[in-house]
Amino acid sequence: MASYRLNIMICAGTGCVSNRAFQIREAFDKEIRKNSLEKEVLTVMTGCNGFCAAGPIVIVQPEGIFYQKLTVKDIPFLVEEHFLKGRPVKKFMYTPPKETEPIPKMNDISFFQKQVLIALRNKGIIDPEAIDDYIARDGYAALSKILSKMKPQDVIAEIKKSGLRGRGGGGFPTGLKWELARKAEGEQKYVICNADEGDPGAFMDRSIVEADPHTILEGMTIGAYAIGASKGFVYVRSEYPLAVERMHNAIAQSKEYGLLGDNILESGFNFDVDVIQGAGVFVCGEETSMIASIEGKIGEPKPRPPYPVEKGLWGSPTNINNVETWANVPAIILRGSDWFSKIGTKTSKGTKVFSVAGKIKDAGLVEVPMGLTLGEIIYDVAGGIHSDKKFKAVLIGGPSGGCLPADCLGLPVDYESLTKAGAMMGSGGLVVADEDNCMVEMARYFLNFTKDESCGKCTPCREGNAAMLDILTRITQGEGTMEDLDLLEDLAHAIKDTALCGLGNTAPNPVLTTLRYFRDEYIAHIKDKKCPAHECRQLNTYTIDEERCVSEGHGCDVCRRNCAYDAIMGEKGKAHRINQDKCAKCGVCYEVCKFAAVKVD
Amino acid sequence: MPKLTLKDLQKKREEVKKSVILREGGDYKAKVTVHMGTCGIAAGARKIMDSLLAEVEKFDARDVLVTTSGCAGLCSREPMATVELVGKAPVKYVDLDAEKMKKIFEEHVQGGNIVTEYALAYGSEKTSY
């Protein structure tokens with residue numbers, strides 16, 4: 001093996017790949033050859049770095065220099081300056097907002113400082129397509145440990161003691177689930193990895209599969225040994241092609257090494273894994289629907305009990321855990337439950353991976369210890385609100401979660417606190433809203449999603465969500481009544497209590513939490529026929545400040561030319577005016593006016 | 001390839017471990033900087049680097065960090081290199097060639113004894129990014 005002096009870690013998560021990470025790698029390799037550095041400098045494609053807002057990202061190791069937003073044409077200069085002459089290039093480094101000096105090293109950037117990596121412990125360090133990289137980072141050491149020293153019951157006891165809870169949403173204790181699956185009667189047992197992540201704005205599971213597929217396989221193998229399963233499935237949606245490809249690749253490598261298949265590491269234990277590609281149906285993230293889908297049936301839920309751990313896939317005991325849960329397992333086995341249970345809060349142990357999206361400066365993927373507050377995640381880690389606008393709400397837990405207001409920024413992130421506030425941990429999607437977002441519209445948007453994704457099997461979810469959506473749509477159009485609010489609440493509770501599966505049970509959460517925390521916005525839509533955030537355009541009135549139009553814009557005429565409805569009167573050099581009878585409230589004039597002469601109310 | 005046993009896996013891990021050390025920000029016992037400004041490259045710094053990396057490979061010294069830097073300002077004495085053992089002051093070596101670099105690596109980096117006949121000075125100018 002050649003001894004390289006520099007390792008160039010190029011982020012190849014989906015975000016950076018879409019920002020041309022592969023082309024950047026080609027450019028690096030070309031320039032490295034041109035400068036005869038190919039024996040000194042190695043380029044490595046890694047999984048998602050997490051700081052997606054700064055992509056494409058390149059980290060130069062061993063110094064840990066962080067380069068961001070690179071383009072192909074930057075590469076020749078960078079290679080010559082830094083790799084050849086040893087001068088890190090400031091202009092490609094990250095500069096925090098409001099500061100002038102860039103931060104050269106990744107670990108000094110605030111986005112990374114509060115993070116604690118367990119599930120993502122290998123992100124950016126290993127090549128997800130190289131099993132040797134994973135092995136070098138103590139990969140499959142946990143598997144060696146259990147196969148040589150631990151009985152299945154010991155493994156379950158260790159996981160129980162660690163306090164690990166399901167990361168897919170419900171927060172069910174993982175060790176207990178394994179114990180139930182072990183005790184369940186049946187010759188054939190199965191384990192499943194739920195990688196059917198479908199919440200709008202969530203990309204935690206995808207990033208883990210893309211960054212470190214072997215940790216999931218190792219976790220699943222450990223789980224299978226503990227419960228006595230010989231077959232596993234990774235259920236991943238087809239919309240994640242890179243994750244599918246890397247998982248297939250990882251399985252093939254593991255089989256070649258004898259880490260999957262018959263007689264693993266000569267222990268006599270057999271376990272095999274297949275990838276099942278889902279068709280991108282949200283309800284298939286629900287475990288009974290997922291089982292139906294794997295069986296080749298329509299992805300629809302079944303009443304529980306019987307729970308999958310008793311009677312799951314093809315009627316056999318089946319243990320389903322989420323991607324992130326599986327990724328935690330090898331670390332817990334290797335480092336011990338005591339180490340793990342010291343991280344986090346009393347009831348929620350370890351870390352949680354969040355994808356932070358929406359009106360946020362440093363959107364991306366973060367892993368933080370449980371118990372950190374929402375405010376710390378949004379402001380200290382993710383850099384605060386985009387364009388320094390005012391924070392309004394954060395939707396945590398996706399379409400099944402809740403919208404929490406500014407008062408809740410001090411809330412520690414753990415399963416209990418979030419449920420108490422009306423939201424839920426969910427799988428870990430955080431969508432941040434600022435003052436320009438209408439909360440009624442936000443609730444409508446997510447309900448529209450769940451209504452579309454409802455499988456239609458049970459009436460409360462099929463009809464109830466459609467009825468709620470109808471009411472919300474009327475409210476956003478200024479046609480709601482105060483009685484609608486009571487009806488919404490009644491419907492929401494009825495659906496929550498009676499729907500067949502988790503999708504329906506949680507679908508009303510965004511409506512309920514916005515009603516609880518942002519009732520005044522609903523009332524403004526109904527009584528004043530106004531949208532305080534001006535997002536529901538049908539309720540807006542656009543006018544032109546004629547004085548400003550002339551004094552600042554000299555009657556530039558841009559609004560008139562852009563109005564598709566001929567609703568603006570005026571000519572170049574003179575004041576313009578909107579004919580309210582013709583105005584379709586599309587908002588184009590407001591957007592195109594560079595002089596802030598168009599007012600919205 | 002044949003299926004791994006527990007022992008094979010452990011052996012494999014030892015083998016590949018070194019390939020990721022560079023990425024983990026781990027512990028180094030020494031840092032060697034080859035000055036590769038235009039003057040350094042013209043004076044033959046590439047040969048110094050090649051010789052250095054060959055030594056690292058020969059001794060399998062993965063705990064030695066090899067890096068480059070720009071012109072050190074003393075262009076007439078290039079090629080130059082700086083050796084810094086952890087916890088010790090850096091030592092600058094001047095007028096190097098491949099053989100001298102080899103000797104410095106073996107005696108100073110590996111052995112801990114400064115090769116005084118090639119050394120210019122202790123210490124280094126202050127650097128910050």
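Student: Is Glu31(A) buried or exposed?
Tutor: This is a predicted model, so take the values as computed from it. The relative accessible area of Glu31(A) is 7%. Anything under 20% goes in the low class, so Glu31(A) is buried.

Student: Which residue does Lys34(A) pair with in a salt bridge, and how far apart are the closest N and O atoms?
Tutor: Look inside helix H2 of chain A, where both partners lie 3 residues apart, about one turn of the helix. Lys34(A) itself counts as exposed, at 62% relative accessibility. Its partner is Glu31(A), and the closest N and O atoms are 3.7 Å apart.

Student: Just past that helix, what is the phi of Ser36(A)?
Tutor: Ser36(A) sits in the loop between helix H2 (21–34) and S2 of chain A, and it is partly exposed, with a relative accessible area of 45%. Most residues other than glycine have a negative phi. Ser36(A) is not a glycine, yet its phi is positive, about 50 degrees.

Student: And what about Lys529(A), what phi does that one have?
Tutor: Lys529(A) is in the loop between helix H22 (519–528) and strand S14 (542–544) of chain A. Its relative accessible area is 36%, so it counts as partly exposed. Again we have a non-glycine with a positive phi, of about 55 degrees.

Student: Which residue does Arg537(A) meet in a salt bridge?
Tutor: Arg537(A) is in the loop between H22 and S14 of chain A, and the pair links distant parts of the chain, 54 residues apart, with the other end in helix H25 (residues 588–592). Arg537(A) is partly exposed, with a relative accessible area of 36%, while the partner is exposed at 54%. The N to O distance is 2.7 Å, and the partner is Glu591(A).

Student: Now the interface. How many residues of chain A are in contact with chain B?
Tutor: Chain A and chain B bury about 3600 Å² between them, 58% of it on carbon and sulfur atoms. On the chain B side, 36 residues take part; on the chain A side, the number is 51.

Student: How many salt bridges cross between chain A and chain B?
Tutor: Over all chains, the structure holds 44 salt bridges. Across the interface of chain A and chain B, the number is 5.

Student: Which element gives the largest share of the side of chain A that touches chain B?
Tutor: Several elements give two or more residues to that side, among them strand S1 (6–11), helix H3 (75–84) and helix H11 (241–257) of chain A. The largest share is 4 residues, and it comes from H5(A).

Student: How do the residues on that side of chain A divide by type?
Tutor: Sort them into nonpolar, polar and charged. The split is 23 nonpolar, 11 polar and 17 charged.

Student: Which residue of chain A does Arg13(B) form a salt bridge with?
Tutor: The pair crosses between chains, from helix H1 (residues 6–24) of chain B to the loop between H5 and H6 of chain A. Arg13(B) is buried, with a relative accessible area of 4%, whereas its partner counts as partly exposed at 34%. The closest N and O atoms are 4.0 Å apart, and the partner is Asp138(A).

Student: Which residue of chain B is 3.1 Å from Asp138(A), taking the closest N and O atoms?
Tutor: Asp138(A) also shows up in a salt bridge with a lysine of chain B. With the closest N and O atoms 3.1 Å apart, that lysine is Lys17(B).

Student: Where is Ala250(A), and is it buried or exposed?
Tutor: Its place is in helix H11 of chain A. Leaving aside neighbours within four places in sequence, Ala250(A) is in contact with Pro213(A), His214(A) and Leu217(A). At 0% relative accessibility, Ala250(A) counts as buried.

Student: Which residue is joined to Gly55(A) by a cis peptide bond?
Tutor: Most peptide bonds are trans. Here omega is about -5 degrees, and the second residue is found in the loop between S2 and strand S3 (58–61) of chain A. The residue is Pro56(A).

Student: What is omega for the peptide bond from Arg304(A) to Pro305(A)?
Tutor: Pro305(A) is in the loop between helix H12 (287–294) and strand S8 (318–322) of chain A. The bond is cis, with omega near -5 degrees.

Note on methods. Residues are numbered from 1 along each chain as its sequence is written. Chains are lettered from A and ligands numbered from 1 in the order in which they are written. This is a predicted model: local features need pLDDT of at least 70, side-chain atom pairs count only at pLDDT 80 or more; totals for chains, interfaces and linings use all residues. Side-chain values use heavy atoms; hydrogens and water are left out. Contact means heavy atoms within 4.5 Å. Buried area is the accessible area (1.4 Å probe) that two parts lose on being put together, summed over both. A salt bridge is a side-chain nitrogen of Lys or Arg within 4 Å of a carboxyl oxygen of Asp or Glu. Ala, Val, Leu, Ile, Met, Phe, Trp, Tyr, Cys and Pro count as nonpolar, Asp, Glu, Lys and Arg as charged, and the others, Gly among them, as polar. Buried means under 20% relative accessible area, exposed over 50%, partly exposed in between (1.4 Å probe, protein chains only).
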